[in-house]
Amino acid sequence: MVNRRRVLVACVWAACSSPVDSFSSSHECHRSRMTAAHQETGSRLDASSNTPAEDASTRNSQYLEQSQSEFAIAYLNEHHKDVLSSFVMAFSEVGELSVSKNMWMGGSYVLEEAKLSGITRDSLIIEATIQESGKSSKQQVEVSLDSSPVKGMRKKFIELPPVDGAILARSSQLPIDDFVRRMVRLCNQAKAYSATGKMIQLGVQLGGKGAGKLKDNMFLNQVPHSE
């Protein structure tokens, strides 16, 4: 009875919260129901193989915590599919191919959907659904977290310098803050400006220090700035 009340309270709170907070509560409601099944399945998999092949989820543990990675992937897929599609077009060979293949016949090569499947220290692993000449196919695309627009997309998107790790380290050495700062840079390059604040909020939700967020004591109204 107590557990049922907790789930109900979490779901009611989610309805009144911000998009990231709301997604967090609904994600936790679903996750609590699936935990036992996942643990049982994981035990069987561990027992059946001593040397499992490396996949996206295995590499995730080397960068973000598993819970952080799972939440970020689910949140981005549910609320920022358009941003993921922009990343595929701006920072991968899919964008270059679309330029060359649509040069003579517009619409013959189209990105239908982009779904994030993994996060590593270096890349976003995205499953892209491509429609070419009326036929759909899926392909795995790796978008570097330090990407700049590919050659065919440099006029459409913006090129910015990579995030300086030394500067970030002075404010936070947490991997989630590193991830957020690099995601904010990708968003700015892809002109997904409205998503940048959501990325910072996501990082805070997952235990980060709010890297990239303006502090309240920045004295922005003083001229000249005293601090």
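Which residue with a positive phi follows α8? In this predicted model, that spot belongs to lysine 191, with a phi near 65 degrees. The helix before it covers residues 175-189, and its length works out nicely: at 1.5 Å a residue, its 15 residues should span 21 Å, and the end C-alpha atoms do sit 21 Å apart. Eleven of those 15 residues are buried, so α8 is largely enclosed by the rest of the structure. Among the buried ones are Ile176, Phe179, Val180, Met183 and Leu186, but charged-letter names turn up on the list too, including Asp177, Arg182 and Arg185.

Next come the strands. Strand β2, residues 123-132, has seven of its ten residues buried, so it too is largely enclosed by the rest of the structure. On one hand, β2 runs antiparallel to β1 (residues 109-119), with nine bridges joining the two. Within that pairing, glycine 118 stands opposite isoleucine 125, and a hairpin of three residues links β1 to β2. On the other hand, β2 pairs with β3 (residues 135-144), again in the antiparallel sense, over ten bridges. Here leucine 124 has valine 143 of β3 as its bridge partner. The hairpin between β2 and β3 has two residues in between, and serine 133 in that turn shows a positive phi of about 55 degrees.

That leaves a loop residue, serine 92, which lies between α5 (81-91) and α6 (93-101). Its relative accessibility is just 2%, so serine 92 counts as buried. Setting aside neighbours within four places in sequence, serine 92 is in contact with Phe87, Val141 and Val150.

Definitions and conventions. Residues numbered from 1 in each chain as written. Predicted model: local features only at pLDDT ≥ 70, side-chain atom pairs only at ≥ 80, totals over all residues. Heavy atoms only, no water. Helix = DSSP H or I, 4+ residues; strand = E, 2+ residues; numbered from the N terminus. Buried < 20%, exposed > 50% of the residue type's maximum accessible area, 1.4 Å probe, protein only. Contact = heavy atoms within 4.5 Å. Expected span 1.5 Å × (residues − 1). Pairing = 2+ DSSP bridges.
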